[in-house]
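Biologist: I have a model on my screen and some terms to check. Can we go through them one by one?

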Amino acid sequence: MHIGADMKAKIMEDVKEAIRIFQENPERKTKFGEPIIGYADTRDPIFDMYFSRRLCNHPKNIYRPGNTVVVHFVPFAPEVTESNRTGNMPSKAWTDAFNDSMWLSMRLNGVIRESLDTIGRLSSGTNTPTDWDEELCREKWSHKLAAYAAGMGEFGPAGCLKTEKGFAGRFGSIITDGIYAEPFKMRSNEELEGIYQKIQRQYCQKGTDGVICGEEMISTCPAKAISKDGIDRRVCQAHCKTIDSYIPSPEVCGKCFFYETL
Ligand code: SF4
């Protein structure tokens, strides 16, 4: 049996039930798909690399006794994703899904916390919904980088994460003292540097070696933040701020997420 298999099964069951109940509320317009839940060991040196490269806070810096980051991803229904493929502004369905899923994500953290509590495990939230650093053009804590550490997908343009259930959806996370992640790989500094460079390339971060953006992706950006050599995050952020002044994240726009990194 795998590490913490019973607890993981309970968490999955409780999360699915919470999503079902959430969708019964007539005020919630968005339909969601089946969730994915990943587990990352906070001692994995990939988190040290994120922290030292100023990509993301360290889970141990948020909650010292935490050993595992539990990451959840709830995909939007396919029609929500498709509704945002074209046009300069986010579709109404996309914006509704962004807002609905924020509430759902907070609820799922509560549900996971209750599941962990049944066996006396401690837990801590990882962020607040408006956790955004405009200076660094990123969230202070990134659920997606934790999801990447948990092996839940590969990055794409502007930092979207492409999971087995697509890029469109809501990530959330919670940290617990329980040990549930599979053993992590020890990596050399060179390997960690390689991972950092790969992530920057997948983000299409302007100024990173090896980034080439295609014409179609360049022309899809309403902010003109994308050029052949990458995405200017400041220009992207300025545009996203016109859509959501509290969370000027690429998530609120998402037009370039449909493209693959070349
Ligand atoms: S403004 Fe939209 S399309 Fe342009 S880079 Fe940002 S998220 Fe992508």
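Biologist: Which residues come nearest to the ligand?

Modeller: This is a predicted model. C221, C236, P250, C253 and C256 come nearest, out of 14 residues around the ligand. A residue counts as near if its C-beta atom, placed from the backbone, lies within 6 Å.

Biologist: How do the residues of that shell divide into nonpolar, polar and charged?

Modeller: The shell has 10 nonpolar residues, three polar and one charged. Cys and Pro count as nonpolar, so C221, C236, P250, C253 and C256 belong to that class.

Biologist: What makes β1 and β3 edge strands?

Modeller: Each pairs on one side only. The open sheet has four strands in the order β1-β2-β6-β3, with antiparallel pairing. β1 covers 36-41 and β3 covers 123-125. From one strand to the next, the twist averages 25°.

Biologist: How do you know that β3 pairs with β6?

Modeller: Pairing needs at least two bridges. β3 and β6 (residues 169-176) are joined by three bridges, so they count as a pair. The two strands run antiparallel. Within this pair, G125 stands opposite I174 in β6.

Biologist: Which strands does helix α5 lie across?

Modeller: Helix α5, residues 92-117, lies across β2 (68-75), β3 and β6. The helix runs at about 30° to β6.

Biologist: What describes two packed helices?

Modeller: Two numbers do: the angle between the axes and the distance between them. For α1 (residues 5-24) and α5, the angle is about 145° and the axes are 9 Å apart. The crossing is right-handed.

Biologist: Which residues of α1 and α5 meet?

Modeller: From α1 come K10, I11, D14, V15, A18, I19 and F22. They meet L104, R107, L108, V111, I112 and S115 in α5. By class, this contact has nine nonpolar residues, one polar and three charged. Asp, Lys and Arg count as charged, so K10, D14 and R107 are the three.

Biologist: Why does the radius of gyration agree with a compact globule?

Modeller: Because a compact globule of 262 residues would have a radius near 18 Å, and the protein has 18 Å. Along its principal axes, the C-alpha trace spans about 50 × 50 × 30 Å.

Biologist: How many helices and strands does the protein have?

Modeller: Nine helices and eight strands.

Conventions: Residues are numbered from 1 along each chain as its sequence is written. This is a predicted model: local features need pLDDT of at least 70, side-chain atom pairs count only at pLDDT 80 or more; totals for chains, interfaces and linings use all residues. Axes are lines fitted to C-alpha atoms, for helices over the stretch in contact, and angles run from 0 to 180 degrees between N-to-C directions. Two residues are in contact if their C-beta atoms, placed from the backbone, lie within 7 Å. A crossing is left-handed if the near helix is turned anticlockwise from the far one by less than a right angle, and right-handed if clockwise. The radius of gyration is taken over C-alpha atoms; the globule rule is 2.2 Å times the number of residues to the power 0.38.
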